[in-house]
Amino acid sequence: MALMTAQEYIDSLRKLNTRVYMFGEKIDNWVDHPMIRPSINCVAMTYALAQDPQYAELMTVKSSLTGHTINRFTHLHQSTEDLINKVKMQRLLGQKTASCFQRCVGMDSFNAVFSTTFEVDEKYGTHYHENFKKFLTMVQDNDLTVDGAMTDPKGDRSKAPHDQADPDMYVHVVERRPDGIVVCGAKCHQTGSINSHWHIFMPTISMGEADKDWAVSFACPTDAEGLYMIYGRQSCDTRKLEEDASIDVGNAKFGGQEALVVLDHVFIPNEYIFLNGEYEFAGMVVERFAGYHRQSYGGCKVGVGDTLIGATALVAEYNGVEKASAVKDKLIEMIHLNETLYCCGIACSSQGFQTKAGNYQIDLLLANVCKQNVTRFPYEIVRLAEDIAGGLVVTMPSQKDFHSETVVGRNGETIGDICNKFFATREGVNTEDRQRIMRFIENLCLGAAAVGYRTESLHGAGSPQAQRIMIARQGNIQGKKQLAKEIAGIK
Ligand code: SF4
Ligand code: FE
């Protein structure tokens, strides 16, 4: 089958029986729901750009499994060049959506599960790798979006999965049948889960023998019996439900999406199982998936950062301060920070290596350094954007006020007249354009998109401490001590 168009992707979602709940109710037409649709438009962009001749070379690639042309979001990386192109593609998508475009979690799980299943089979003679290759061929040929689901609720963080008061705090097998397994549990803050055709579930931590039933990985259709989702709120999200508020929304076209995904006795046939009790491989799949996703942030967040830097430069121009040396210097600092993140994304890709299964893995130390910087620099970029844009980002009256015909002035001026009079700025600048860019900055720094840009920069792909643990493990302090000893003449 050929690549899907953006429209075909959106239509394909309507055919699924996905169960979505929001504000305490089931949402039947979730595809057209004003709070959900922007996030669908974002994923649709991954399809649209693949059809665009200008970007086709970056967005599409030959499948290593079939030789067919596929979307890069479904690809197994075959070289360090592929890893670099992945980061470039993510930066491009961030630039085009100013948001989280969600499809990377699937791509990162494909590459992590592909290499891990190979090594599990090698040790146990299982058939997980074959299962996975068949599944991925189906995904590639049908150009599907798949959610990579890793983060369990975790309950009491001091206890292992088998020790939890409620065993559902980690996804686990509740029944083993000759034809498959039955699973229960949930995954929290799952990016793009509702917008995906399928899910890949993976463990979220290293596990011991007693956690065998929790060491499980599998694929499952998003509308499988027993699977449902509860939509996550975002800051300022209900502005999307208001009339005459498209400017107030800040980014009316695009947005991110996270949900709680619940598995209530879902049956998984044998052919979709990729790990089932081989607990010592749980840590491997976590480390690999996290590594890829930490690389991803050196692309997607940089692209979104580009739009924020652009918006900040525009607001400086609209306010008439673009020539001030302090403003110029702050913009330089924003670029410097943003490009440093890109350097990290490219570096961990260029230092990648081939796994036993044949696909390419990023350099783990550099990917963790990349993500550690992403937990910090977007905060400083946001601070500088707010500094230059000024307080109006958070105090400006609503779009309805700018359009209001209610008379308030002595000479018959409307609320709209008054807003437009006092929020005008230098000559030649349209007040509405200034309003738009202020709201766009608000959206990225504090509103719905801040979920994907700011807070996700901290917690997405693992919270800061998770990277520090990996940096400690990979940092080779012993080797560094040896270097010092040799030069200092210490035996
Ligand atoms: Fe992709 Fe970035 Fe969203 Fe993760 S946070 S899914 S890498 S856009
Ligand atoms: Fe993310």
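**A sheet, a helix and a ligand**

By class, five nonpolar, four polar and two charged residues make up the shell around ligand 1. Keep in mind as you look around that this is a predicted model. Let's start with the ligand and then move on to a sheet and the helix that packs on it.

**Around ligand 1**
- Ligand 1 sits in the largest cavity.
- Its surrounding residues include Cys 100, Phe 101, Gln 102 and Cys 104, along with Thr 191 and Glu 456.
- Also among the residues around ligand 1 are His 293, Ser 296, Tyr 297, Cys 300 and Lys 301.
- Helix α8, which spans residues 282-319, gives the largest share of this shell, with five residues.

**The four-stranded sheet**
- Strands of a sheet pair through backbone hydrogen bonds, and they can do so in a parallel or an antiparallel way.
- Here, four strands form an open sheet with mixed pairing, and their order is β5-β8-β9-β12.
- The edges belong to β5 (146-149) and β12 (273-276); each has a single partner strand, so one side of each is left without a neighbour in the sheet.
- On average, neighbouring strands of this sheet are turned by 20 degrees against each other, direction ignored.

**A closer look at β8 and β9**
- Strands β8 (residues 198-201) and β9 (residues 216-221) run antiparallel and are joined by four bridges.
- To find one of these pairs, look for Trp 198, whose bridge partner in β9 is Pro 221.

**The helix on the sheet**
- Helix α5 (residues 104-124) packs on the sheet and touches β5, β8, β9 and β12.
- The direction of α5 makes about 65 degrees with that of β5.

Definitions and conventions: Residues numbered from 1 in each chain as written. Chains lettered and ligands numbered in written order. Predicted model: local features only at pLDDT ≥ 70, side-chain atom pairs only at ≥ 80, totals over all residues. Heavy atoms only, no water. Pairing = 2+ DSSP bridges. Helix = DSSP H or I, 4+ residues; strand = E, 2+ residues; numbered from the N terminus. Axes fitted to C-alpha atoms, helices over the stretch in contact; angles between N-to-C directions. Contact = heavy atoms within 4.5 Å. Near = heavy atom within 4 Å. 1 Å grid on protein atoms, 1.4 Å probe; cavity = no way out; pocket = protein on both sides within 12 Å on 5 of 7 lines; lining within 4 Å. Sits in = over half its atoms within 2 Å of the grid points. Nonpolar A, V, L, I, M, F, W, Y, C, P; charged D, E, K, R; others polar.
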